Amino acid sequence: MKLSSFIIGLLLICVSEASAQPGYEILKDVKKIDIPFEYKNNLILVNVTFNHLFPLKFIFDTGAENTILAKRSITDMMGVKYEREFKVLGSDMRTVLIAYLVRGIHFRIEDMVAPSQSLLVLDEDYFNFEELLGMQVHGILGADMFKGLVVKINFETKIITLTKSGSGKALPDGYKMLPITIEKNKPYLETVIRTQNDTLVKVKLLLDTGAMLSLLLNTNTHPDLKPPPNAVSGNIGTGLGGFLTGHLGRVAALSLGELHCEEVVTNFQDLEEGMDTTMMLGRNGIIGNGVLSRFDIIIDYPMQKLYLQPNKSYKKEFKFDKSGLVIIASDYLLNRYIVHSIIPGSPAAIAGLLPGDEIKRLNWTPVGMLSLEQVQQTLRKEEGKKMVVVVKRDKKKQKFIFKLKKLI
């Protein structure tokens, strides 16, 4: 076993052993818990009260084995003891990051109380969620908080419901059941995708509510998982450690039992040759909220079953940015929008925009009146729509005009 796998394996064992409050204990006195959430930029956000005092915002993340606090300043302020230091492998599978184990933290999420929770605290905020969301996010709520439970996520009512396992109960009305496996507290689905050249590929995918994307495929885990000819290169998402690079394209279809999603926007990530992939547990990729949000979802962790019921978003087109701009939020108030990167050959690149440009107006609307999500939605509008973008560059304002174009 390579050193990176050993370090992460040791880390997960230590955190698991330190958890004094397994998920199923949370429901020992009640039948169910309803947790309201916000849905921003394809992420599920829940309000957490940290150690009876701090109101924080965490991402509800089925793709994370452990709960993580991204803001060390909070535990520093509270004088929390850091018991051990660990090296953690980032989402790019090569960057080594520093985290600390802390114990005995009191968590409250609505009626869900974990009185003595163990978690990881990052040495630095390696996530930088604020840049991507335009709002404060303090960490991720991992499966150590809800393992052993049935988790229902309703993206229309924006409610997460936690109950005990319903073994022996009939299939919920209107739902389709798919078998899954729970490995290291994370749910995996074995299914089939159809590529753009009509090749059927069997894949093992992580069901990840902490992923903003629709579908991610690791290209060198199967010979037929290749970006289509019209794929574009660029930032394909973000994770622990920052932005991930790769290619953006589409697969013709993703099968979910009897249900199918077509022309799914897909992020293709290359893993470096010789990279240790032990901790990936043989997966070929990730299903994120761009797909999951099209269903009412029930994950029965004890029975290892997934239930899906299509909602009104099921048949909607999978949209992708048509400008080529990757925009992040900046400044303390997160109300400055900066061009992080630009897809080569895109309308914005041809028009002359550059990384580092600060967007001041979008179609004559001051961006201070728009959320980052609204800015991004505007850049996904119909092909051919005219965009007028005013930016600040080198203390001077410049205007750029281009038309949106379908890139993938």
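Is β10 largely enclosed by the rest of the structure or largely open, and how many of the five residues of β10 are buried? Four of the five are buried, so β10 is largely enclosed by the rest of the structure. Please keep in mind that this is a predicted model. The protein chain has six helices and 28 strands, and 54% of its 408 residues count as buried. Here is a friendly tour, starting from β10 and its partners.

**β10 and its neighbours**

- Strand β10 covers residues 150–154, and β11 covers residues 159–163. The two pair in the antiparallel sense over five bridges.
- Within this pairing, K152 has T161 of β11 as its bridge partner.
- β10 also pairs with strand β21 (residues 295–300): four bridges join these two antiparallel strands. Here I153 stands opposite I297 of β21.
- β10 and β11 form a hairpin with four residues between them. K158 sits in the turn and has a positive phi of about 60 degrees.

**Backbone angles worth a look**

- In general, most residues other than glycine have a negative phi. The residues in this group take a positive value instead.
- K158 is not a glycine, yet its phi is positive, at about 60 degrees. With a relative accessibility of 33%, K158 counts as partly exposed, because buried means under 20% and exposed means over 50%.
- D198 is another residue other than glycine with a positive phi, near 65 degrees. It belongs to the loop between β14 (186–194) and β15 (200–207). D198 is exposed, since its relative accessible area of 52% is over the 50% mark.
- D394 has a positive phi near 55 degrees and lies in the hairpin of β27 and β28, where two residues separate the strands.

**The β27–β28 hairpin**

- Strand β27 (residues 386–393) and strand β28 (residues 396–403) run antiparallel and are joined by eight bridges.
- R393 is paired with K396, its bridge partner in β28.

**Nonpolar cores**

- In soluble globular proteins, nonpolar side chains tend to be buried together.
- The largest nonpolar core here has 71 residues, and those that touch the most other members are V46, F107, I160, L162, L256 and I287. Strand β19 (residues 259–269) gives the most to this core, with five residues.
- Apart from this core lies another of 21 residues, including L325, A329, F402 and L404.
- F107 has many partners beyond its neighbours within four places in sequence: V48, T49, F50, F58, T67, M112, V113, A114, Q117, L119, L141 and M145.

**H138, a buried loop residue**

- H138 is found in the loop between α3 (129–133) and β9 (139–141).
- Is H138 buried or exposed? H138 counts as buried, because its relative accessibility of 13% is under 20%.
- Leaving aside neighbours within four places in sequence, the contacts of H138 are P55, L56, K57, F58, I68, L69, A70, K71 and I74.

**Cavities**

- Rolling a probe the size of a water molecule over the atoms shows where empty space is left. In this structure there are two cavities of 30 Å³ or more.
- The largest cavity holds about 50 Å³ of space. R250, E317, K319, F320, K322, K406, L407 and I408 line it.
- By class, that lining has five charged, three nonpolar and no polar residues.
- The second largest cavity has a volume of about 40 Å³. Its lining consists of T62, I153, L207, T209, L292, I297, I299 and L306.
- Which classes make up the lining of the second largest cavity? It divides into six nonpolar, two polar and no charged residues.
- I153 and I297, which stand opposite each other in the β10 and β21 pairing, both appear in the lining of the second largest cavity.

**Contacts across the chain**

- Among contacts in the protein chain between residues at least 6 apart in sequence, 65% join residues at least 24 apart.

Key
Residues numbered from 1 in each chain as written. Predicted model: local features only at pLDDT ≥ 70, side-chain atom pairs only at ≥ 80, totals over all residues. Heavy atoms only, no water. Buried < 20%, exposed > 50% of the residue type's maximum accessible area, 1.4 Å probe, protein only. Core = buried A, V, L, I, M, F, W, Y, C linked by side-chain atoms within 4.5 Å. Contact = heavy atoms within 4.5 Å. Pairing = 2+ DSSP bridges. 1 Å grid on protein atoms, 1.4 Å probe; cavity = no way out; pocket = protein on both sides within 12 Å on 5 of 7 lines; lining within 4 Å. Points joined across faces, edges and corners; volume = space filled by probe spheres on them. Nonpolar A, V, L, I, M, F, W, Y, C, P; charged D, E, K, R; others polar.
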